[in-house]
Amino acid sequence: MDEEHKRMRWASRRGMLELDLILEPFVRLHYPHLDEAGRERYRSLMSCQDQELFDWFLRKQIPEDGEHAQMVQTILDARRPEDTPP
């Protein structure tokens, strides 16, 4: 695991368990395979507030920033079916 991946794993630890359950598997399993543009979108997403992320991942709101919206969708699409509530 490279240093950047380690930093992103640390940055993905948020103040809400619900976010940790979404972000931790993504950053562990998928972040290493993102291209540089995808990594930049993820790094940018990590600068957002927890409440914003929570609303976006629960689909209560859509990010105004197109790059954030794209990364949120990428993360949601990467979730395994058993991770998604009925």
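## Salt bridges and core packing in a helical model

R41 is buried, with a relative accessible area of 17%, so it falls under the 20% cut-off for that label. Please keep in mind that this is a predicted model. A search of the whole structure turns up ten salt bridges, and the largest nonpolar core has 21 residues. Here is a tour of both, with a stop at a buried histidine and at a residue with positive phi.

**Salt bridges around E24**

- R9 and E24 meet through their side chains in a salt bridge, with an N to O distance of 3.2 Å.
- Because R9 sits in helix α1 (residues 3-11) and E24 in helix α2 (residues 17-29), this pair ties together parts that are 15 residues apart in sequence.
- R9 is partly exposed at 28% relative accessibility, and E24 is also in the partly exposed class, at 29%.
- E24 has another salt bridge, to R28, where the closest N and O atoms are 3.0 Å apart.
- E24 and R28 are four residues apart in helix α2, so about one helical turn separates them.
- R28 is partly exposed as well, with a relative accessible area of 36%.

**The salt bridge of buried R41**

- Which residue pairs with R41 in a salt bridge? The partner is E67, and the closest N and O atoms of the two are 3.5 Å apart.
- This pair links distant parts of the chain, since E67 belongs to helix α5 (residues 66-78) and R41 to helix α3 (residues 36-45), 26 residues apart.
- The two ends differ in burial: E67 counts as partly exposed at 41% relative accessibility, whereas R41 is buried at 17%.

**A salt-bridge network**

- D2, E4, E36, R39, E40 and R43 are joined in a network of salt bridges.

**The nonpolar core**

- Within the 21-residue core, the residues with the most contacts are Y42, L45, F57 and I75.
- Helices α2, α3, α4 and α5 each supply at least two residues of this core.
- The largest share, five residues, comes from α2.
- What does I75 touch, leaving aside residues up to four places away in sequence? Its contacts are I22, L23, F26, Y42, L45 and F57.

**Helix α4 and the residue after it**

- The buried residues in α4 are L53, F54, D55, W56 and F57.
- These buried residues of α4 pack against α2, α3 and α5.
- R59, which follows α4, has a positive phi near 60°, a value to note in a residue other than glycine.
- R59 lies in the loop between α4 (50-57) and α5.
- Is R59 buried or exposed? R59 is exposed, with a relative accessible area of 60%.

**A buried histidine in α5**

- H68 is found in helix α5 and counts as buried at 11% relative accessibility.
- Not counting residues up to four places away in sequence, H68 touches S44, L45, C48, W56 and P63.
- Two of these neighbours appear elsewhere in this briefing: W56 is among the buried residues of α4, and L45 is one of the core residues with the most contacts.

Terms used
Residues are numbered from 1 along each chain as its sequence is written. This is a predicted model: local features need pLDDT of at least 70, side-chain atom pairs count only at pLDDT 80 or more; totals for chains, interfaces and linings use all residues. Side-chain values use heavy atoms; hydrogens and water are left out. A salt bridge is a side-chain nitrogen of Lys or Arg within 4 Å of a carboxyl oxygen of Asp or Glu. Buried means under 20% relative accessible area, exposed over 50%, partly exposed in between (1.4 Å probe, protein chains only). Contact means heavy atoms within 4.5 Å. A nonpolar core is a set of buried Ala, Val, Leu, Ile, Met, Phe, Trp, Tyr and Cys residues joined through side-chain atoms within 4.5 Å.
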